[in-house]
Amino acid sequence: MPEEPKRINMVQAINLALREEMQRDGNVIILGEDVGTDGGVFRVTDGLMKEFGPERVMDTPLSESGIVGTAIGMAVYGLRPVAEIQFMGFIYAALDQIYAHAARIRSRSRGRYSCPLVVRTPYGAGIKPPELHSESAEAFFCHMPGVKVVVPSTPYNAKGLLKSSIRDPDPVIFLESTRLYRLIKEEVPADDYTVPLGKARIVREGRDVTVISWGSMLHRSLQAVEGIDAEVLDLMTLNPLDEETIFKSVRKTGRVVIVHEAPKTCGFGAEISAAIAEDAMLYLKAPIMRVTGYDAVIPLPRLEDYYMPTISRVRKALEEVIKY
Amino acid sequence: MPESIIESINVKRLEILDVNGDVDSSLMPALSDNEIKRMYELLVLARTFDERALHLQREGRLGTYAPILGQEASQIGSAFALEKTDWVFPSFREMGVYIAMGYPIHMLFQYWGGDERGLITPSDLNIFPICIPVGTHIPHAAGAAIAAKHKGDKVAAVAYFGDGGTSKGDFHEGFNMAGVFKAPAVFICQNNQWAISVPRQRQSASKTLAQKAFSYGFEGIQVDGNDIFAVYKATKDALKKAKSGNGPTFIECFTYRMTHHTTADDATRYRKDDEVASWKPRDPVLRLKLFMAKKGLWTEQYQKETEDKAKVIIDKAVSEEESIKPPFPGDMISYTYEKLTPRQAKQIKDF
């Protein structure tokens, strides 16, 4: 008999996914800074070292490139490492390992080797931290053929997507919104369900405008569309992109607003916008609008709220495309 | 309170076979005459491969190639100590390692000819595809070694890199990981004195590269990299240590790159002929030949047979490589992920 679903937050849901996958497969191991005894700075890996021991939940030196590089060696050897980079702002030190190696091993060896690696990292603004603790650099990774990019927005999906990511045969960058970690609770079954990668979900159906978002900005988008007949898409996986779901919605509504936290220039919204322009242009009744972070360094907490797209900025864009 | 010394290190250098072909018998590893002959034949084969690769490159039949001339003993001596089950993480100047491990030679020409399929390591070997960005594969060896330990496999992971590689951040991060987790890893640096045009002294102010290992909590040793017996013994000992749970070792093979960095380089721009000439008497192949001659294992006839045999093997590999059909262009897309993405499925229709 499966246990009754419990109402849990995203931290607990991710913890549950890790625990279940570690129970299912002895090759799944966790490595990163403070992930063991401390249970991670956000407590995402809390209790796992106690349950699985220090050889499967490895507190590593403070060494982002080393963590990812070591995890690559483990993955190619046959383990299923889940590496944690403590904040997305520190993943930059590991970009070389991700792009020059994790992304290319399958191609470089023409399929002889693969790299089933998950790199989890908290991303995004909204928790008033020091510099480089608020980054939304998802677009970098979307530009790396060979890497998948996953961004959950709810506890239920976080669990199912992480399980799929761990089982995926290719490297996955798994972005966890710090703002969402404890913001929402929902029922998350204790059974072994997965949410497939590469599929977007329609959070809310509507006829007048399509709002496309992911991660933390999904929730702002949902607040912004109140009273509007908007269809809201949660991409969940950015790469590979579920164009089919996007085009289907655009063909229905003819209007698009894309909302993301990262800077506008070369943000992932540009890719979505271009894809729509290429394949669904004739269905558009208004220009595609992007509501994004500014083309600026993400500020310290005093200005954080001004940086992130606000409900009113999203609302304004919605009104503009509907009026157009 | 007086100051006290809390740590001191001693860096060893190992030499067994000297330039005259004489050995220190107290250090000589156990090798049968047949094994010594096999080593020599591999040295000749690797050198024959190298010469042919340079010719083929000049004829436009291979792309840019990184020659191994002068470094054969470091490569063959170390690889000779490896088991096929060990994991090897090579850089781009390791053709001698590949040849000693029994890698199909036509696939090496295929790779240098610009075809990724040359890196499809046969299933009985665990050689990771060649790492181009210098030193960045060092953490991979640490990771594979930790994984082997985790699974209880009696294998070691061995990374090959050059003196330039020791300046990289990933050298530090990989060594640090290997030391902390007591990984069954062996790190082999072929210090060939030059990273393209930058001399060894510009890579590090450290007296030796070997001594760097001690700051990661494991032993580093310098060996005469042109002495095949010293390289073999150091590697053999390091592998034994790794597989018995005693952690990593760093071996600095002190050798010399006798020619250009690659076929795209001109070494006369930055180093003197005198320096190159001074290394000629230290040639690794010559040295083993002198030893074998003294032992009665080498004759003119044997030399001729060995060279002929190598030539036949290389000729066959070249013609085998040339008979391979060109790759399907869509392969560049197909191997990005296990399955094509919806976009890739459209893109591949271009081919």
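This is a short talk on a predicted model of two chains, A and B.

I'll begin with chain A. Its secondary structure consists of twelve helices and 14 strands. The C-alpha trace spans about 60 × 45 × 45 Å along the principal axes. For overall packing, take the radius of gyration: a compact globule of 324 residues would come out near 20 Å, and chain A has 19 Å, so the value agrees with that rule. Of those 324 residues, 58% are buried. As for contact order, consider contacts in chain A between residues at least 6 apart in sequence: 77% of them join residues at least 24 apart.

The domain assignment splits chain A into domain 1, residues 8-188, and domain 2, residues 201-323. Over C-alpha atoms, the centres of domain 1 and domain 2 of chain A are 26 Å from each other. Where they meet, domain 1 of chain A contributes 25 residues and domain 2 of chain A contributes 23 residues. Which elements give two or more residues to the domain 1 side of that contact? In chain A they are helix H6 (138-142), strand E6 (148-150), helix H7 (155-167) and strand E7 (172-177). By class, that side of domain 1 has twelve nonpolar, seven polar and six charged residues.

One residue to look at here is Cys142(A), which sits in helix H6 of chain A. Is Cys142(A) buried or partly exposed? Cys142(A) has 19 other C-beta atoms within 10 Å, and because burial needs 20 or more, Cys142(A) counts as partly exposed. Leaving out residues up to four places away in sequence, Cys142(A) touches Val149(A), Leu238(A), Asn239(A), Phe268(A) and Glu271(A). There is also a pair separated along the chain: Cys142(A) and Gly267(A) are 125 residues apart in sequence, with their C-alpha atoms 9.8 Å from each other.

Now chain B. It has 13 helices and nine strands. Its C-alpha atoms fill a box of roughly 75 × 60 × 45 Å along the principal axes. The globule rule puts 351 residues near 20 Å, and the radius of gyration of chain B is 21 Å, which agrees. Buried residues account for 48% of the 351 residues in chain B. In chain B, among contacts between residues at least 6 apart in sequence, 77% join residues at least 24 apart.

Chain B contains an open sheet of seven strands, paired in parallel, in the order E1-E8-E9-E5-E4-E2-E3. At the edges are strand E1 (12-14) and strand E3 (126-127) of chain B, each pairing on one side only. Inside that order, strand E2 (residues 87-89) and strand E4 (residues 157-162) of chain B run parallel and are joined by three bridges. One bridge puts Trp87(B) opposite its partner Ala157(B) in E4(B).

On to a helix in chain B. How many of the nine residues of helix H2 (residues 72-80) of chain B are buried? Nine of the nine are, so the helix is largely enclosed by the rest of the structure. Glu72(B), Gln75(B) and Phe80(B) are among those buried residues. What do the buried residues of H2(B) pack against? Their partners in chain B are helix H1 (33-58), helix H3 (95-101), strand E5 (185-191), helix H8 (228-243), strand E9 (249-254) and helix H10 (284-295).

Next, the nonpolar core. The largest one has 196 residues, and the members touching the most other members are Val257(A), Ala145(B), Val158(B) and Ala185(B). H1(B) supplies the largest share of this core, ten residues. Domain 1 (8-188) and domain 2 (201-323) of chain A each give the core at least three residues. To take one of these members, Ala185(B) touches Ala141(B), Ala142(B), Ala145(B), Ala156(B), Ala157(B), Ala178(B), Ala242(B) and Pro248(B), again not counting residues up to four places away in sequence.

Last, the interface between the chains. Here 37 residues of chain A are in contact with 35 residues of chain B. On the chain A side, helix H3 (64-77), helix H4 (95-102), helix H5 (105-108) and helix H9 (243-253) each supply at least two residues. Which element gives the largest share of that side? It is H3(A), with ten residues. The side of chain A that touches chain B divides into 13 nonpolar, 15 polar and nine charged residues.

Terms used:
Residues are numbered from 1 along each chain as its sequence is written. Chains are lettered from A and ligands numbered from 1 in the order in which they are written. This is a predicted model: local features need pLDDT of at least 70, side-chain atom pairs count only at pLDDT 80 or more; totals for chains, interfaces and linings use all residues. Two residues are in contact if their C-beta atoms, placed from the backbone, lie within 7 Å. Helices (H or I, at least four residues) and strands (E, at least two) are DSSP runs, numbered from the N terminus. Ala, Val, Leu, Ile, Met, Phe, Trp, Tyr, Cys and Pro count as nonpolar, Asp, Glu, Lys and Arg as charged, and the others, Gly among them, as polar. Domain bounds come from an automatic or database domain assignment. A residue is buried if 20 or more other C-beta atoms lie within 10 Å of its own, exposed if 12 or fewer, and partly exposed in between; C-beta atoms are placed from the backbone. The radius of gyration is taken over C-alpha atoms; the globule rule is 2.2 Å times the number of residues to the power 0.38. A nonpolar core is a set of buried Ala, Val, Leu, Ile, Met, Phe, Trp, Tyr and Cys residues joined through C-beta atoms within 7 Å. Two strands pair if DSSP finds at least two bridges between them.
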